[in-house]
Amino acid sequence: MCGNACGPYPSATPVCSAGSCVAICAPGSADCNGMLPDGCETTPASDPQNCGFCGNVCPNRPNATPSCSNNSCTFACNTGFGNCNSNSTDGCEIDLQTSVMNCGFCDNACPVPANASATCANGACGFTCNAGFNDCNNNPADGCESNPLSDTQNCGMCGNACNAGQSCQNGTCSAGAIRQLSGTHTNDVTRGNTWNSLFADPVTGKVYWHAAYTGNTLSAFPDVPNFVSNTNATTINLAVGYEGTYHAALNGFLYYNEANTSNMVKVNAVTGQLVTSVNLPNAGYHNQSDFNWGGYSDIAFYTDTGNLLYVMYAPTGGNTNIQVSRLDPNSLGIQQTWTIPRVKVNTGFAFLVNGNFYIGQTYSSPAIVGKYNLGTSTYDSAYTNSFSPVTNDYVAHTYWDPGSKNLFEVTNGHHLIYPNVQ
């Protein structure tokens, strides 16, 4: 009819055919929605909904975004994924962030270092050590080069170097037996009463003392000379009371048995405030599994070379053998446990030097009658040694300081110090 002008239409030439307006699409364009006003709205060469021709929808693929290029369907991998098998059916089948065979990009296989398993995290290769091995030098070229059961430079854990002359046996630094002790002490300090305790922190060098097997205060001295001269002592008020005499100090913290419980406690050696309290399962306490002098000496703590912390105890039930556990100094979690074939209530005292526990027959004698090696898990019942005897021996505490190499013996109020024991 008059005045009915056709067009204009996008990407098309308007024409009148048989009395109706139609659009002739320009090359590379198509009218796929059949709506005249928007003309030839589609570019089939690049439209994934109409790829090559109207209605040809490019399919979705796993981990990919469909696209159309040069009239053919294709897809682009989503970030972090790859089409590593060149098979369009399964799309981008590989997670490049975690695949050890395609880490970061296709065909980038992560190397497998010695004694380790390869890992891929966030698209970067790494490794984890196999059980029984550690990476102590942080060198990926040699993987997990250290066996903590036998490496003298990293015995039991990275950085724990054994002293000269020691070997690493089953993760414990071990040495030959200590020298004969009798007559080799350099100090005999008479102080307090029969049931004193004397021990030192191998890291800070401070010396700690108390004069009873129950209480909630300790005396701290800057070092051994100050203890000997009884000078510059400070009093530590403990938030949790102790019992027994076999306490330990390590890196500014005190470790002992909480009174009338089987709890192991860690307190700040300056403020006396409680840091951690952990129950020692099945352990006798309060003279259930004590050394044979009593004194609530059921649960005993020791330190050893490498700033290692140990606890000695025995299960409830009376005539039970000695148990020794290595502890995590932070959490007080048990890392490893040994059984010494000797009944604890028939034992007078014990001390630890370089992986060897030395066992005393009775509190009323300075005689040492056995040695247990943690590295080999063997007990030598033929071993003998002896502290220096004093009048009316009553051995209430023995403790070796791996820092100074001093061995402390407390017997009937005498505090004997044996130097350079190792």
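Which residue lies over the face of Phe 291, and at what distance from the ring centre? Select Phe 291 in this predicted model and look above its ring, where Lys 344 lies over the face at 3.9 Å from the ring centre. A second contact of this kind can be displayed by selecting Phe 253, since the charged end of Lys 266 sits over that ring, 4.3 Å from its centre.

Turn next to ring against ring, for which a search of the whole structure finds 18 aromatic pairs. Select Tyr 213 and Tyr 296, whose ring centres are 5.4 Å apart and whose planes meet at 85°, so the pair is edge-to-face. Colouring by sequence position is useful here, because Tyr 213 lies in the loop between β13 (207-210) and β14 (214-221) while Tyr 296 lies in the loop between β19 (274-279) and β20 (300-304), so the pair ties together parts that are 83 residues apart in sequence. Tyr 213 has 26% relative accessibility and therefore counts as partly exposed.

Now move to Phe 349 and Phe 387, where the ring centres are 5.7 Å apart and the planes stand at 50°, so this pair is tilted. Phe 349 belongs to strand β24 (residues 349-353), whereas Phe 387 is in the loop between β28 (385-386) and β29 (395-400), and the pair links these distant parts of the chain, 38 residues apart. Phe 349 is buried, at 0% relative accessibility, and Phe 387 is likewise buried, with a value of 0%.

To finish, return to Tyr 213 and Tyr 296 and extend the selection to Trp 195, Trp 293, Tyr 363 and Tyr 394, which together with those two tyrosines form one aromatic cluster.

Terms used
Residues are numbered from 1 along each chain as its sequence is written. This is a predicted model: local features need pLDDT of at least 70, side-chain atom pairs count only at pLDDT 80 or more; totals for chains, interfaces and linings use all residues. Side-chain values use heavy atoms; hydrogens and water are left out. Rings of Phe, Tyr and Trp (its six-membered ring) pair if their centres lie within 6.5 Å; planes under 30 degrees apart count as stacked, over 60 as edge-to-face and the rest as tilted. Helices (H or I, at least four residues) and strands (E, at least two) are DSSP runs, numbered from the N terminus. Buried means under 20% relative accessible area, exposed over 50%, partly exposed in between (1.4 Å probe, protein chains only). A charge sits over a ring if NZ of Lys or CZ of Arg is within 6 Å of the ring centre and within 35 degrees of the ring normal.
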